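Work through the exercises below with the model open. Try each task before reading its solution.

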Amino acid sequence: MAETSPNFHEVQSPEHFQALLSEDLNRVSLINFWAPWAGPCKKMNEVVLELAKKYPQVLVLQVEAETQSDISESFEVEAVPTFVILRGHTLLGRISGADAPALTEAIAVHARGPSSINPQSHTDRKAAAPLAPAADQQESAEELDERLRKLMNQDKVVLFMKGSPDQPRCGFSRRIVDLLRSQGVEFSSFDILSDDNVRQGLKVVNNWPTFPQLIIKGEFVGGLDVVKEMADSGELKELLA
């Protein structure tokens with residue numbers, strides 16, 4: 001087996017993934033979604049190992065897509081290999097397929113980028129118009145932005161999730177629902193799988209590439225790991241007061 005670097009980790013669980021990703025929110029991370037049965041992944045795994053050695057400042061996370069299906073669903077991985085590049089929780093890039101030159105170039109660019117960027121998201125950006133809106137869902141960027149603001153302000157606490165609280169469609173959504181309920185938090189929800197414009201627009205508005213997303217008093221708070229930390233520290237209850 002090829003020798004690995006200290007910055008290279010094989011993810012064992014969603015909790016392990018979240019802990020690694022949250023250690024340094026200014027650090028660039030490369031997430032490699034792969035499967036043992038997919039031939040192209042074998043070659044790309046070797047490329048990823050070499051990148052980990054070449055760029056020790058980059059956190060490299062190896063995620064077996066089917067074994068860690070909750071993580072794969074959270075990042076909307078539909079095929080392997082897929083590579084996601086983050087700084088903290090901010091999406092920097094995404095590459096689908098065994099494109100070694102593109103991956104190598106992307107890591108070279110982002111690894112030497114500024115390390116002082118504040119990755120904490122703020123709800124202060126316009127949503128992008130959908131790339132390929134359905135014929136009956138033509139919306140301008142301004143119209144989509146207005147609709148997102150209304151959805152985010154429909155209640156004191158709004159959870160954008162996959163599925164519904166009683167029938168969540170991914171593990172992260174299920175866990176954040178359980179967390180909110182355990183804290184006695186009343187909340188409204190929106191199924192982002194029912195509206196792709198909302199799904200894609202929120203990623204831009206809140207500068208956060210994954211779901212679920214929790215909104216309190218019209219402002220983006222974070223995903224599961226952030227909300228869990230806030231609940232543990234008591235900050236969540238303070239924010240809701």
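**Exercise 1. The whole chain**

What percentage of the 241 residues of the chain count as buried?

Solution. The model is a predicted one. Of its 241 residues, 52% count as buried. Next, take the secondary structure: the chain has nine helices and nine strands. Then look at contacts between residues at least 6 apart in sequence. Of these, 71% join residues at least 24 apart.

**Exercise 2. The five-stranded sheet**

Find the order of the strands in the open sheet of five strands, and name its edges.

Solution. Step one: read the order across the sheet, which is E1-E3-E2-E4-E5. The pairing is mixed. Step two: find the strands that pair on one side only. These are the edge strands, E1 (8–10) and E5 (90–96). Step three: check the twist. Neighbouring strands are turned by 20° against each other on average, direction ignored. Step four: zoom in on one pair. Strand E4 (residues 82–87) runs antiparallel to E5, and six bridges link them. In this pair, Val84 stands opposite Arg94 of E5.

**Exercise 3. Helices on the sheet**

Which strands do H2 and H4 touch?

Solution. Start with helix H2 (residues 39–54). H2 packs on the sheet and touches E1, E2 (28–34), E3 (59–64) and E4. The direction of H2 makes about 160° with that of E2. Now turn to helix H4 (residues 100–111). H4 also packs on the sheet, with contacts to E2, E4 and E5. The direction of H4 makes about 5° with that of E4.

**Exercise 4. A helix pair**

Describe how H6 and H8 pack, and sort the residues that meet.

Solution. First, the geometry. H6 (residues 171–182) and H8 (residues 224–233) pack at about 20°, and their axes lie 10 Å apart. Angles under 35 degrees count as roughly parallel, so H6 and H8 are roughly parallel to each other. Their crossing is left-handed. Second, the residues. H6 brings Phe172, Arg175, Ile176, Leu179 and Leu180, while H8 brings Leu224, Val227, Lys228 and Ala231. Sorted by type, the contact holds seven nonpolar, no polar and two charged residues.

**Exercise 5. An enclosed helix**

Why is helix H7 described as largely enclosed?

Solution. Count first. Seven of the 10 residues of H7 (residues 196–205) are buried, so the rest of the structure largely encloses this helix. Now name them: Asn197, Val198, Arg199, Gly201, Leu202, Lys203 and Val205. Last, find their partners. The buried residues of H7 pack against helix H5 (141–152) and strands E6 (157–161), E7 (188–191) and E8 (213–216).

Technical notes. Residues are numbered from 1 along each chain as its sequence is written. This is a predicted model: local features need pLDDT of at least 70, side-chain atom pairs count only at pLDDT 80 or more; totals for chains, interfaces and linings use all residues. Side-chain values use heavy atoms; hydrogens and water are left out. Axes are lines fitted to C-alpha atoms, for helices over the stretch in contact, and angles run from 0 to 180 degrees between N-to-C directions. Helices (H or I, at least four residues) and strands (E, at least two) are DSSP runs, numbered from the N terminus. Angles under 35 degrees count as roughly parallel, over 145 as roughly antiparallel, 65 to 115 as roughly perpendicular and the rest as oblique. A crossing is left-handed if the near helix is turned anticlockwise from the far one by less than a right angle, and right-handed if clockwise. Contact means heavy atoms within 4.5 Å. Ala, Val, Leu, Ile, Met, Phe, Trp, Tyr, Cys and Pro count as nonpolar, Asp, Glu, Lys and Arg as charged, and the others, Gly among them, as polar. Two strands pair if DSSP finds at least two bridges between them. Buried means under 20% relative accessible area, exposed over 50%, partly exposed in between (1.4 Å probe, protein chains only).
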